[in-house]
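Trainee: I've never looked at this one before. Could we go through it together?

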Amino acid sequence: MRRSFYRLDRSGLSLILDQLKHRGYTVLGPKACGNALQWRPLDCLEDLPGGLSTLLAPAQYRLQTGSETCLFGNPGGLDSIKAILHPPRQTITTIRKAGDQLEISQETPPAAKLAFVGIQSCDLAAVAALDRVLLQNGEADEVYSANRANAFFLSVHCTQSGPTCFCASMGTGPRAKAGFDIALTERLEGEQPEYLAEAGSSLGAKVLEEAHALPAPPEWMRQSTEATQKAAEAQTRKVNRQAARAVIDSTFEHPRWEQTAKRCLSCGNCTSACPTCFCVNYEEQSSLDLASAQRVRLWDSCFTLSFSYIHGGSIRLTPKSRFRQWVSHKLARWQDQFGVTGCVGCGRCIVWCPAAIDITEEFAVLEQAAGSAVTAGGSPHGH
Ligand code: SF4
Ligand code: SF4
């Protein structure tokens, strides 16, 4: 569809939230909870983290007071919307004893109407990546399908990059290219921010028109492009994604894997924080009186020993083999399986790794070791 551009002030944005609720959406956004931004239901714009900023660094995350009145000036929340679309714990089947009989019920959730306000381009790209795995890769995952079916994305182009972001090198940001219903650019010129709103779907355009949004001044588009370009140029971390497969393949036995794995705690924080890690395991749990039992699906991590358990033993016995598996899968094997990298450059694994292991630093060492043996030529990120 042809993109249309509108201008909104804060009350216009507030009207959009009301419109979405009126249409039956549960509106969610990044909200300050405890000491971190987390995706939570929003009652109003005041629930967004206006006046707060995040400090992001390897193994460090702080939510602190900022002076800006921007609502979306915070790259880097704690979690991504993966935890909502693909929940960490989901009951799949419940079995109850009823006399001599067993009652078995499948617990597929009903189709939800979820609106995500303030989703950044890297996380939109992560949703597209999860779609490839959980919707388009054979039989669709029922839970993900139900949560994803009617999702509305009110995205925000990032005009500031966090110090751990590297979306520009992964081709996933800081500007959202696709997958949104509305994309905002937050502009702070006067005391209160204003918004350039770009409709990305017919529903997005309709919601904007219902909020009586006016056409945006033409120069706002150019200024928005310049602002996201500046944010891309400010990123100091990067991964050469075109060379990633060749680099990983030619450094499989490099000593760096062992050196870094000595710091790795196999805690799995990186896989939990990653917006594209999708692996799950199933557990059967029964009540103490044996009157009922449940089959429960839980997030799993390739950093656990049990993850690679097959035919009476685990095949990845060492932290080195598990760490190498994770990085190789993110940067190389995903491209073979799904045609895109499994990394969107959000930087969460860098922030949430207690050992401050940085995937961009690891890749840089391997890339240098691979040297001229590697020619850039892998497939680009497909987002
Ligand atoms: S590997 Fe790290 S930087 Fe890449 S998407 Fe996952 S958490 Fe984000
Ligand atoms: S790389 Fe970091 S976050 Fe991931 S398992 Fe190892 S110590 Fe934990």
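Mentor: Sure. Let's settle one term before we start: two strands count as paired if DSSP finds at least two bridges between them. Also keep in mind that this is a predicted model.

Trainee: Okay, then which residue of β14 is the bridge partner of Y282?

Mentor: Start with the strands themselves. β13 (280-286) is an edge strand, and seven bridges join β13 to β14 (residues 292-299), running antiparallel. In β14, the partner of Y282 is R297.

Trainee: What is the strand order in the open sheet of four strands?

Mentor: Let's build it up from the pairs. β13 is joined to β14, β14 is joined by seven antiparallel bridges to β6 (residues 89-98), and β6 pairs with β7 over six bridges, also antiparallel. At the ends, β7 (101-106) and β13 each pair on one side only, and the twist averages 15° from one strand to the next. Put together, the order is β7-β6-β14-β13.

Trainee: Sitting in β6, I95 has a partner in β14 and another in β7. Which residue of β7 stands opposite I95?

Mentor: Take the β14 side before the other one: there, the bridge partner of I95 is A293. Now turn to β7, which pairs with β6 in the antiparallel sense. Opposite I95 in that strand stands I104.

Trainee: And which residue takes a positive phi in the hairpin of β6 and β7?

Mentor: That hairpin has two residues between the strands. One with a phi near 65° is G99.

Trainee: There's another positive phi, in a residue other than glycine. Which residue is that?

Mentor: Look in the loop between α9 (256-261) and α10 (269-273). The residue found there has a phi near 55°, and it is S266.

Trainee: What else sits around ligand 2, and how many polar residues does its shell have?

Mentor: S266 is part of that shell, along with others including C264, C267, C270 and C353. The class split is nine nonpolar and no charged. The polar count is three.

Trainee: How about ligand 1: how many charged residues are in its shell?

Mentor: Here 13 residues surround the ligand, and the closest are C274, C343, C346, R348 and C349. By class the shell has eight nonpolar and three polar residues, and the number of charged ones is two.

Trainee: On to the open sheet of eight strands. Why is one side of β3 and of β12 left without a neighbour?

Mentor: The order is β3-β2-β8-β9-β10-β11-β1-β12, with mixed pairing. β3 (36-41) and β12 (214-215) stand at the edges, so one side of each has no neighbour in the sheet, because each has a single partner strand.

Trainee: Which helix packs on that sheet, touching β1, β2, β8, β9 and β11?

Mentor: Its direction makes about 125° with that of β2. β2 (residues 26-33) pairs with β8 (residues 114-120) in the parallel sense over three bridges, and V27 stands opposite A115 there. The helix, residues 10-22, is α1.

Trainee: Which element gives the most to the side of domain 1 that touches domain 2?

Mentor: Domain 1 is 4-91 + 110-233 and domain 2 is 241-286 + 300-373 in the assignment, with 27 Å between their centres. The contact takes 27 residues from domain 1 and 21 from domain 2. On the domain 1 side, β5 (60-65), α3 (121-134) and α5 (167-170) each give two or more residues. With nine residues, the top contributor is α3.

Trainee: Which two residues does the cis peptide bond join?

Mentor: Head for the loop between α5 and β10 (182-187), where P174 lies. Omega is about 0° at the bond, and the pair is G173 and P174.

Trainee: Last one: over which residues does pLDDT stay under 50?

Mentor: Across the chain the mean pLDDT is 93, and 95% of residues reach 70 or more. Where pLDDT is low, the predicted coordinates should not be read in detail. The stretch under 50 has 28 contacts beyond four places in sequence in the model, and it covers residues 376-383.

Note on methods:
Residues numbered from 1 in each chain as written. Chains lettered and ligands numbered in written order. Predicted model: local features only at pLDDT ≥ 70, side-chain atom pairs only at ≥ 80, totals over all residues. Contact = placed C-beta atoms within 7 Å. Axes fitted to C-alpha atoms, helices over the stretch in contact; angles between N-to-C directions. Near = placed C-beta within 6 Å. Nonpolar A, V, L, I, M, F, W, Y, C, P; charged D, E, K, R; others polar. Domains from an automatic or database assignment. pLDDT = per-residue confidence, 0-100.
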